[in-house]
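Thanks, everyone. I'll walk through one complex today, starting at the DNA. Please have the view open.

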Protein chains: 2
Amino acid sequence: MTKKITAGLEDYIEAISNKINQYGKVRPIDLSKELNVSRASVSEALKRLSELGYINYGRYGIISITDLGKKAAESVIERHTLLHYFLQNILWLDENEASDNACKIEHVISYNLLKNLKKFVEYNKKNPEFSLKFKDTLKNQ
Amino acid sequence: MTKKITAGLEDYIEAISNKINQYGKVRPIDLSKELNVSRASVSEALKRLSELGYINYGRYGIISITDLGKKAAESVIERHTLLHYFLQNILWLDENEASDNACKIEHVISYNLLKNLKKFVEYNKKNPEFSLKFKDTLKNQ
DNA sequence: TAAACATGTTAGGTCTTACTAACATTTTGT
DNA sequence: ACAAAATGTTAGTAAGACCTAACATGTTTA
């Protein structure tokens, strides 16, 4: 199991990983915009993540993720993706609301909840009638 | 919609309400044990809740909940109960894990997530085959 | 290339939440 | 009733997360 990290730092490592995957790099300013925090806060978070061994970073240097950071990022992103799918395709929340809620819930769920939710989503994909009928009942209200 | 309150204070107001419902009263020491925090932390939290108008409380006085506090407590407890049910009877987590996860998720979900989850749980109660079959697939692994 | 602008860092605050240790008050037990 | 134990509060400290303002460095462009 990956070492513990605060919800706040999980948000940073998640955003860093996503930006690097999308654009090949991230700058502090991108994180500032993405996470709606000041450049100063980003600077502090990067320093902390770097001290904890999740990223490589130095004064004015480029940001890269370590293996430890990659594991952490994959773990958060897995939780996020799964929750987002569940919220959007089973509870039928709209895109934005699914995303917002996933961003918060992803930091607090246990491993077994993740495991069972994963199986639930799989089972639902194989047997989609239930959630589709549920969707219909939502409309007629 | 009830005014915003931090996750921490929500835990306190929830515990206060539960204890009063169970025993007719609460003392700081009960909250300290229930929430696994120091007596000092409870003291501070009670002061804050009282300043915010959620409880009536003064030095060495008895603790009672205001109408505002009752609304807040009902709101958290509703979320908790619903999540607990979902986690225990649809995702099939055991009692303790359902409870622990509900305690954390209850603080971060949106109103629409609550609303749809409520409907989902209702729908599931009327059509329980899906979750029962899902339960079987969990066993055979 | 040098000024203007964008971006990054640091310094110094604030707020919330928690802690321990010390002190105050209340309750219990003899 | 009074000492001992339990409970409640206050003071002082710390960590996390955020902020603004000032300063440092990099980049763009006239």
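Start with H3(A). On the surface near DNA strand C, H3(A) gives the most, with five residues. Keep in mind that this is a predicted model.

Which other helices share that surface? Helix H2 (28-35) of chain A and helix H3 (39-51) of chain B do, and each of the helices named here, H3 (39-51) of chain A included, supplies at least two residues. In total, 22 residues surround DNA strand C. The closest are Ile29(A), Tyr57(A), Thr6(B), Ser41(B) and Arg48(B). By class, that surface has nine nonpolar, five polar and eight charged residues.

What part of the strand does the protein meet? Of the strand C atoms within 4 Å of the protein, 64% belong to sugar or phosphate, and the rest to bases.

Now some specific distances on strand C. The side chain of Ser41(B) has an N or O atom 2.5 Å from a phosphate oxygen of the strand. Tyr60(A) uses its backbone: a polar atom there is 3.3 Å from a phosphate oxygen of DNA strand C. Tyr60(B) comes in with its side chain, where an N or O atom is 3.2 Å from a sugar or linking oxygen of DNA strand C.

Next, the other strand.

DNA strand D has 23 residues around it. Here the closest are Thr6(A), Ser41(A), Arg48(A), Ile29(B) and Tyr57(B). Sugar and phosphate make up 57% of the strand D atoms that come within 4 Å of the protein.

Which helix gives the most near strand D? That is H3(B), with five residues. Helix H1 (7-23) and H3 of chain A, along with helix H2 (28-35) and H3 of chain B, each supply at least two residues of this surface. The classes near DNA strand D are nine nonpolar, six polar and eight charged.

Three phosphate distances on strand D. An N or O atom in the side chain of Arg48(A) is 2.7 Å from a phosphate oxygen. For Ile29(B), a backbone N or O atom lies 2.6 Å from a phosphate oxygen of the strand. Arg59(B) has a polar side-chain atom 3.3 Å from a phosphate oxygen of DNA strand D.

So much for the DNA. Now the two protein chains.

How does chain B relate to chain A? A turn of 180°, with a shift of 0.0 Å along the axis, lays chain B on chain A with an RMSD of 0.1 Å. That is the relation of a two-fold axis. Look for Ile105(B): in chain B, its C-alpha is the nearest to the axis, at 3.0 Å. Both copies use the same surface, and 100% of the contact residues of chain B recur in chain A.

Across that interface, 28 residues of chain B are in contact with 28 residues of chain A. The two chains bury about 2700 Å² between them, with 73% of it on carbon and sulfur atoms. Which residues of chain B lose the most area to chain A? Phe120(B), Tyr123(B) and Phe130(B) do, and together they account for 26% of what that side buries.

Let's zoom in on one loop of chain B, between H5 and H6.

Ser110(B) is in that loop. The Ser110(B) side chain makes a polar contact of 2.7 Å with the side chain of Glu97(A). Beyond its sequence neighbors up to four places away, Ser110(B) touches Glu97(A) and Asn101(A).

His107(B) is in the loop too, between helix H5 (95-105) and helix H6 (111-126). Is His107(B) buried or exposed? Its relative accessibility is 17%, so His107(B) counts as buried. A polar atom of the His107(B) side chain lies 3.0 Å from the backbone oxygen of Cys103(B). The side chains of His107(B) and Glu106(B) are joined by a polar contact of 3.3 Å. Leaving out residues up to four places away in sequence, His107(B) touches Ala7(B), Glu10(B), Asp11(B), Val76(B) and Arg79(B).

Last, the overall layout of one chain. Chain A has seven helices and two strands. From the N terminus, the order is α-α-α-β-β-α-α-α-α. Its C-alpha atoms fill a box of roughly 55 × 30 × 25 Å along the principal axes. Of the 141 residues of chain A, 41% count as buried. Among contacts in chain A with a separation of 6 or more, residues 24 or more positions apart account for 59%.

Terms used: Residues numbered from 1 in each chain as written. Chains lettered and ligands numbered in written order. Predicted model: local features only at pLDDT ≥ 70, side-chain atom pairs only at ≥ 80, totals over all residues. Heavy atoms only, no water. Helix = DSSP H or I, 4+ residues; strand = E, 2+ residues; numbered from the N terminus. Buried < 20%, exposed > 50% of the residue type's maximum accessible area, 1.4 Å probe, protein only. Polar contact = N/O pair within 3.5 Å; in protein donor to acceptor, adjacent residues only side chain to side chain. Contact = heavy atoms within 4.5 Å. Near = heavy atom within 4 Å. Nonpolar A, V, L, I, M, F, W, Y, C, P; charged D, E, K, R; others polar. Least-squares fit on C-alpha atoms with pLDDT ≥ 70 in both. Buried area = accessible area lost by both parts, 1.4 Å probe.
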